[in-house]
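Visitor: Hi! Could you walk me through how a ligand and a protein fit together here?

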Amino acid sequence: MVSAADRLKSVQTDIREAEIEYGRREGAVTLIAVSKTFQADDIRPVLDAGQRVFGENRVQEAMGKWPGLRSEYEGIELHLIGPLQSNKAKEAVATFDVIHTVDRPKIAKALKAEMTKQGRDLPCFIQINTGEEPQKAGIAPMDVDAFVRECREVTGLNIIGLMCIPPVEEAPGEHFALLEKIAKRNGLSQLSMGMSSDYHTAVGFGATHVRVGSAIFGLRG
Ligand SMILES: *Cc1c(COP(=O)(O)O)cnc(C)c1O
């Protein structure tokens, strides 16, 4: 049987090959292993294989498993990749190291207030709704420049980059290209884009963080 550790290794190899193929620097792309829905027992083999950067999409779920895993393993970096309610900002700031889903002024302000209170300055990505899908979270492309400016200059958040989830039924490349273009004109260097089905493509469009779940942990139940 192929284990999660084996699948991790093949994803790592594939990312390295994509870096070479697209002329990216070795190690330019950070692999975020998305462990949502999986239990600590499923995550430990991946930690034992050396992976330290993980993503979760729910604050409550992450609070249930990561404090324990952090006490067992050094150097864990936990990324919030799912939607955030402002009444969960306190727990999110205490539980996570990086936030990928800043998508409205209210959340930006709630996060900043908590970071100040807790003495933590978490790097943040702004989520962009590149496909302008009504059901999807994220800032509309035309509103991004103003929102980036507001987050930086008014709210005082440490914005390091942009994140997107392309529409499932569309080729992801044009969405990755759009994210890269918007980031560039805003002086942002980090791009969180690419999942199990399209991370190789994302590396070609400049991804600095790929969020890979099922290709490592298997299908979610
Ligand atoms: C679940 C999830 C992923 C990982 O998806 P896979 O297709 O399993 O790799 C990536 N990004 C976000 C925002 C997610 O919610």
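Guide: Happy to! One term before we start: a polar contact is a pair of N or O atoms within 3.5 Å. Also, keep in mind that this is a predicted model.

Visitor: Got it. So how far is an oxygen atom of the ligand from the side chain of Lys36?

Guide: An oxygen atom of the ligand is 2.7 Å from an N or O atom in the Lys36 side chain, so that pair falls within the 3.5 Å limit for a polar contact.

Visitor: And what about Arg211 and Gly213?

Guide: For Arg211, a nitrogen atom of the ligand is 2.9 Å from an N or O atom in the side chain. With Gly213 the partner is a polar backbone atom, 2.8 Å from an oxygen atom of the ligand.

Visitor: How much of the ligand's accessible area does the protein cover?

Guide: On its own the ligand has 390 Å² of accessible area, and the protein covers 90% of that.

Visitor: Which residues surround it?

Guide: Among them are Val34, Ile81, Met163, Ser196 and Arg220. The shell around the ligand divides into 6 nonpolar, 3 polar and 3 charged residues.

Visitor: New topic: where does the ligand sit?

Guide: In the largest pocket, which has a volume of about 430 Å³.

Visitor: How many residues line that pocket?

Guide: The lining has 20 residues, with Lys36, Asn57, Ile81, Ile165 and Met195 nearest the pocket's centre. By type, the lining splits into 8 nonpolar, 8 polar and 4 charged.

Conventions:
Residues numbered from 1 in each chain as written. Predicted model: local features only at pLDDT ≥ 70, side-chain atom pairs only at ≥ 80, totals over all residues. Heavy atoms only, no water. Near = heavy atom within 4 Å. Polar contact = N/O pair within 3.5 Å; in protein donor to acceptor, adjacent residues only side chain to side chain. Areas by Shrake-Rupley, 256 points an atom, 1.4 Å probe, with all protein chains shown as cover. 1 Å grid on protein atoms, 1.4 Å probe; cavity = no way out; pocket = protein on both sides within 12 Å on 5 of 7 lines; lining within 4 Å. Sits in = over half its atoms within 2 Å of the grid points. Nonpolar A, V, L, I, M, F, W, Y, C, P; charged D, E, K, R; others polar. Points joined across faces, edges and corners; volume = space filled by probe spheres on them.
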